Amino acid sequence: MPRKHLVASGINKKQQLQAKVWQKLAREIKAAVKVGGPNIDANPRLKAAVDKALQNNLSRESIERNINGSNNAEDSKQVEFECYGPQGIQIIVGGLTDNVNRITSNLRGYLSKLHGDIAKQNSVKIFFDNVGYIAVLKTDAINIDKIMESTMPYEVIDIVDQEDAIEVKVSPKDFYAAKQALSDGNAKILDAEIKLMPQNIITELTQENVDKLERFIDSCNEDDDMQWVVTNYEGDYN
């Protein structure tokens with residue numbers, strides 16, 4: 001009986017986290033429409049939001065509903081915080097909020113448990129690059145040579161051959177064209193987005209700080225006002 005209860009609790013927690021992700025994706029879609037209009041092809045932010053929503057299994061019906069219902073959306077401000085933690089941990093947190101004081105207070109609370117703090121503007125972000133990131137499934141037909149051939153016309157920053165996937169980093173301006181070229185070449189896209197990536201990755205933290213960082217990221221992910229978190233620790237799971 002206790003075992004069944006634990007399994008049921010785990011499933012319920014997973015469902016709650018998925019619902020939280022969908023809620024945040026819906027808010028980003030509405031915010032993107034308010035800023036740049038409902039035309040996906042003419043609104044890069046909306047296109048990125050819709051792509052991410054589809055990757056996270058938000059239904060097309062829900063996406064359309066959020067695009068069309070954006071006029072009734074609450075007025076949310078886009079915010080970004082640069083932070084630091086122990087042992088050289090660099091953190092950037094992005095949010096959408098109707099109350100900047102609330103999100104700032106919450107973030108300070110999460111950071112205090114990490115023994116970190118909010119940094120001055122541009123003191124952390126200068127160590128991150130905005131990159132078009134595409135991960136494709138590696139198969140016998142889709143290997144690194146095939147990927148290099150497909151992306152040759154574009155500004156490729158790096159191609160990394162992993163065990164089960166090939167990671168492609170391109171200039172943000174070439175992101176959608178490179179993604180389409182890979183799809184046209186029958187590559188299965190596992191993940192694709194324009195995101196901040198650290199220039200210098202740290203790989204060694206004490207177990208205590210790893211645990212604190214994971215709890216910090218969980219807190220941010222569960223916070224309704226916070227949309228995303230990136231760090232320079234190789235073990236993070238964003």
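This passage describes the overall make-up of a predicted model, then its cysteines, helix 6 and a buried glutamate in strand 6.

The chain has 238 residues, and 41% of them count as buried. Its secondary structure amounts to seven helices and eight strands. Sequence-distant pairing is well represented here: when contacts between residues at least 6 apart in sequence are considered, 68% join residues at least 24 apart.

The cysteines are a convenient place to start. A disulfide is a covalent bond between the sulfur atoms of two cysteines. The model contains zero disulfides. For Cys83, the closest cysteine sulfur belongs to Cys220 and lies 7.7 Å away, which is too far for a bond. Seen from the other side, the sulfur of Cys220 has that of Cys83 as its closest cysteine sulfur, again at 7.7 Å and too far for a bond. With a cut-off of 2.5 Å between sulfur atoms, the pair therefore does not qualify as a disulfide. Both residues are nonetheless shielded: Cys83 is buried, with a relative accessible area of 0%, and Cys220 is buried as well, at 1% relative accessibility.

Helix 6 offers a tidy example of one-sided burial. The helix spans residues 175–184, and its buried residues are Phe175, Ala178, Lys179, Ala181 and Leu182. These residues lie on the same side of helix 6, because they cover an arc of only 160° around the axis. Their packing partners include both helices and strands: helix 2 (44–55) and helix 5 (144–150) on the one hand, and strand 4 (128–137), strand 6 (165–170) and strand 7 (189–198) on the other. Just past the end of helix 6, Asn186 adopts a positive phi of about 70°.

Strand 6, one of the elements packed against by the buried residues of helix 6, also holds Glu167. This glutamate is worth a closer look: Glu167 is buried but has no salt bridge. The nearest side chain of opposite charge is that of Lys169, at 5.4 Å, and a salt bridge would require a side-chain nitrogen within 4 Å of a carboxyl oxygen. What Glu167 does have is a polar contact, made by its side chain with the side chain of Tyr133 at 2.8 Å. Leaving aside residues up to four places away in sequence, Glu167 touches Tyr133, Ile134 and Ala135, together with Asp158, Ile159, Val160 and Gln162. Tyr133 thus appears both among the residues touched by Glu167 and as its partner in the side-chain polar contact.

Key:
Residues numbered from 1 in each chain as written. Predicted model: local features only at pLDDT ≥ 70, side-chain atom pairs only at ≥ 80, totals over all residues. Heavy atoms only, no water. Buried < 20%, exposed > 50% of the residue type's maximum accessible area, 1.4 Å probe, protein only. Helix = DSSP H or I, 4+ residues; strand = E, 2+ residues; numbered from the N terminus. Arc of directions from axis to C-beta. Contact = heavy atoms within 4.5 Å. Lys, Arg positive; Asp, Glu negative; His and termini not counted. Polar contact = N/O pair within 3.5 Å; in protein donor to acceptor, adjacent residues only side chain to side chain.
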